[in-house]
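Please open the structure in a viewer and keep the selection tool at hand. The tour below proceeds stop by stop, stating what to select and what is found there.

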Amino acid sequence: MNQSTSSPAAPAAPDAAPAPTRSWRATWRVYREPASWRMLALGFSAGLPLLLVLGTLSFWLREAGIDRATIGYLSWVGLVYAFKWLWSPLVDHLPLPLLTRRLGRRRSWLLLSQLLVMAGLVGMAFNDPLSSLQPVVWCALAVAFGSATQDIALDAFRIESADADRQAALAATYQTGYRLAMIWAGAGVLWIAARAQGDASGYLHNAWQVAYCAMAASMLLGVVTVLLSREPAPRALPRARNAGEWLRGAVVEPFADFIRRYRWQAALILALIAVYRISDVVMGIMANPFYVDMGFTKDEVAAVTKVFGVVMTLAGAFLGGAMAMRWGVMRVLMLGAVLSAASNLLFALLATRGHDLTGLVFVVSADNLAGGIASAAFIAYLSALTNVQYSATQYALFSSMMLLAPKWIAGFSGVFVDAHGYASFFVATALLGLPVLLLVWAAARVPLRKD
């Protein structure tokens with residue numbers, strides 16, 4: 001990752017100076033380090049819950065006969081991720097009774113959040129949305145809250161586990177584990193549900209119950225990894241004399257630090273963070289209902305979009321991480337923005353072709369490769385913006401802002417599709433990405449400041 005600095009009179013942009021000279025062999029070797037392997041396993045734990053309360057859940061709800069407008073509104077469960085900055089200071093500063101003394105601050109919060117995710121998934125499994133939609137929603141909220149809390153602790157764990165030069169590589173291995181989990185939480189769920197359903201036709205809740213219980217058990221990989229990992233070197237936290245002083249240090253100071261470092265340019269950076277993934281997030285809510293309505297079977301969706309597509313995302317993540325280390329983050333950030341918006345136009349074309357399996361393979365390949373490149377660069381960029389003194393709180397603020405506007409807009413996606421059709425919807429999501437290009441161009445001229 002490139003973090004150039006210069007004199008106050010003529011500050012350099014993040015990628016204005018050449019990226020550090022490094023051979024391709026040395027660049028790829030970083031993926032073999034222990035920290036990268038830990039991020040692979042913990043990335044799996046982080047990626048598993050997301051689809052189970054958003055993408056895969058929308059497939060389940062549509063198969064159960066829930067209308068598209070309701071599915072769109074229920075995507076607002078994902079707004080929990082957009083507000084995680086509200087409790088991120090607690091994760092950053094508050095010790096947990098018994099757990100923190102044994103595991104340390106980062107690992108104790110990781111373990112607690114993983115157990116909450118497992119409990120919520122079991123609760124979803126034992127409620128049928130066709131007859132008990134509200135309990136499913138409450139359990140999905142619990143999963144989302146546990147998952148968002150895990151993200152806060154894990155982002156801090158990742159940032160504190162390696163130096164800045166390796167953050168792009170850790171982002172790539174994190175994304176790899178994350179995407180492998182998405183294969184399991186996407187294709188795995190559909191495959192298990194299809195096998196559990198057997199020859200029965202139509203909707204069968206028991207099939208989804210078996211699948212979601214299997215997903216809850218899969219969170220044990222994250223639990224075991226946390227228990228076997230080492231806690232990053234602990235930071236000495238100043239002892240607060242009263243509640244007001246604690247709030248200033250834990251809540252106000254992390255945000256004040258960011259504003260002090262970037263001043264008016266903070267608004268530009270936050271605007272970029274708020275909309276960078278808007279095309280992907282808004283489009284993604286209607287992707288699974290689209291597959292159902294186009295007549296694709298569970299096995300077809302599992303094989304193409306949840307296995308092959310995620311493999312393409314992994315390729316994009318590794319490629320994006322390597323390119324960011326060699327050429328600089330901002331150049332790859334621009335490339336990812338262009339590709340992510342353009343790939344949505346391919347979905348618009350697919351919407352005019354109906355049940356076209358070959359077309360689905362091509363479109364999913366392009367979309368997921370673009371998403372992998374964009375995600376690796378974006379995570380590296382967010383990591384570079386944080387001050388290690390406030391890593392959990394500041395990264396939670398950035399990653400929360402990334403989802404707030406896109407998730408809110410995505411809630412109306414079902415209404416838009418009902419009114420204008422899938423093709424117009426996908427074109428509209430591509431157009432949402434145009435302002436992102438201007439913001440990346442402007443943000444590339446802002447130097448990264450650590451103090």
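Select Thr100, which lies in helix H7, residues 99-103; helices (H or I, at least four residues) are DSSP runs, numbered from the N terminus. The model is predicted, so local features need pLDDT of at least 70 and side-chain atom pairs count only at pLDDT 80 or more, while totals for chains, interfaces and linings use all residues. Residues are numbered from 1 along each chain as its sequence is written, and side-chain values use heavy atoms, with hydrogens and water left out.

Thr100 counts as buried because its relative accessibility is 17%; buried means under 20% relative accessible area, exposed over 50%, and partly exposed in between, with a 1.4 Å probe and protein chains only. Next, display the side chain of Ser108, which a polar contact of 3.1 Å joins to the side chain of Thr100. Such a contact is a pair of N or O atoms within 3.5 Å; within protein, one must be able to donate a hydrogen and the other to accept it, and residues adjacent in sequence count only if both atoms are side-chain atoms. Leaving aside residues up to four places away in sequence, Thr100 touches Pro95, Arg105 and Ser108, where contact means heavy atoms within 4.5 Å.

Move now to Trp37, located in helix H2, residues 34-53. Is Trp37 buried or exposed? Trp37 counts as exposed, because its relative accessibility is 51%. Add Gly177 to the selection: Trp37 and Gly177 are 140 residues apart in sequence, and their C-alpha atoms are 9.2 Å apart in space.

The next stop concerns aromatic rings. The model has 18 aromatic pairs, counted where the ring centres of Phe, Tyr and Trp (its six-membered ring) lie within 6.5 Å; planes under 30 degrees apart count as stacked, over 60 as edge-to-face and the rest as tilted. Select Phe290 and Phe426, whose ring centres are 5.2 Å apart and whose planes are at 85°, so the pair is edge-to-face. This pair links distant parts of the chain, 136 residues apart: Phe290 is in helix H16 (residues 287-293) and Phe426 in helix H22 (residues 422-431). Phe290 is buried at 0% relative accessibility, and Phe426 is buried with a relative accessible area of 0%.

Keep Phe426 and add Tyr422: the ring centres are 6.2 Å apart and the planes at 20°, so this pair is stacked. Tyr422 and Phe426 both lie in helix H22, 4 residues apart, about one turn of the helix.

Finally, select Phe290, Tyr291, Phe296, Phe347, Phe416, Tyr422, Phe425 and Phe426 together, which ring pairs link into a cluster.

How values were computed: Helix = DSSP H or I, 4+ residues; strand = E, 2+ residues; numbered from the N terminus.
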